[in-house]
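The following note is addressed to a colleague who is beginning to read protein models. Please keep the structure in view while going through the numbered points.

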Amino acid sequence: MTIDRPRAYEIFASIAYLGGRRAAFTRLAATARPRAGDRVLDVGYGTGYLTRILSPWSAPAAISPASTPPRR
């Protein structure tokens, strides 16, 4: 599956989490216990939501072209 419409994906995810998406991802980030400067690898074909949640604690993130799904 590819995410051709990231805005629609974000809206769907917000609905699917019944408004608790930020809280759920923040709990996940807190459970990981990142420290300032840690390098975090968020593997997946999402929109980077978890990466944005982790960004206050981790080193700057970059998206590699190799991490984007191939077009079919």
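1. In this note, two residues touch, or are in contact, when they have heavy atoms within 4.5 Å. The model under discussion is predicted. With residues up to four places away in sequence left out, Leu-50 touches Phe-25, Leu-28 and Asp-42.

2. The overall plan should be settled next. The chain holds three helices and zero strands, and its elements run α-α-α from the N terminus on. Of its 72 residues, 15% count as buried. The accessible surface comes to about 6,100 Å², and carbon and sulfur atoms account for 59% of that surface.

3. Which residues form the largest nonpolar core? The six are Phe-25, Ala-29, Tyr-49, Leu-50, Ile-53 and Leu-54. Helix H2 (21–32) and helix H3 (49–54) are the elements that give two or more residues to this core. The largest share, four residues, comes from H3.

4. The length of H2 can be checked by simple reasoning. With 1.5 Å allowed for each residue, the 12 residues of H2 should span 16 Å. The C-alpha atoms at the ends of H2 are 17 Å apart, which agrees.

5. Which residues of H2 are buried, and which are exposed? Arg-21, Phe-25 and Ala-29 are buried. Viewed down the axis of H2, the buried residues fall within an arc of 60 degrees, so they line one face of the helix. A general rule is relevant here: an α-helix has 3.6 residues a turn, so residues three or four places apart point the same way. On the other side of H2, Arg-27 and Thr-31 are exposed. The buried residues of H2 pack against helix H1 (6–16) and H3. Just after H2, Arg-33 takes a positive phi of about 50 degrees.

6. Arg-52 deserves a separate comment. This residue is found in helix H3. Arg-52 counts as partly exposed because its relative accessibility is 45%, and the partly exposed class lies between 20% and 50%. Its contacts include Glu-10 and Thr-47, when residues up to four places away in sequence are not counted. The side chain of Arg-52 reaches the backbone oxygen of Thr-47 at 3.1 Å.

7. Finally, distance along the sequence should be kept apart from distance in space. Arg-52 and Phe-25 are 27 residues apart in sequence, and their C-alpha atoms are 10.0 Å apart in space. Among the contacts in the chain with a separation of 6 or more, 47% come from residues 24 or more positions apart.

Terms used: Residues are numbered from 1 along each chain as its sequence is written. This is a predicted model: local features need pLDDT of at least 70, side-chain atom pairs count only at pLDDT 80 or more; totals for chains, interfaces and linings use all residues. Side-chain values use heavy atoms; hydrogens and water are left out. A nonpolar core is a set of buried Ala, Val, Leu, Ile, Met, Phe, Trp, Tyr and Cys residues joined through side-chain atoms within 4.5 Å. Buried means under 20% relative accessible area, exposed over 50%, partly exposed in between (1.4 Å probe, protein chains only). The expected span of a helix is 1.5 Å times one less than its number of residues. The arc is that of the directions from the helix axis to the C-beta atoms. A polar contact is a pair of N or O atoms within 3.5 Å; within protein, one must be able to donate a hydrogen and the other to accept it, and residues adjacent in sequence count only if both atoms are side-chain atoms. Accessible areas come from the Shrake-Rupley method with a 1.4 Å probe; for residues, only the protein chains shown count as cover.
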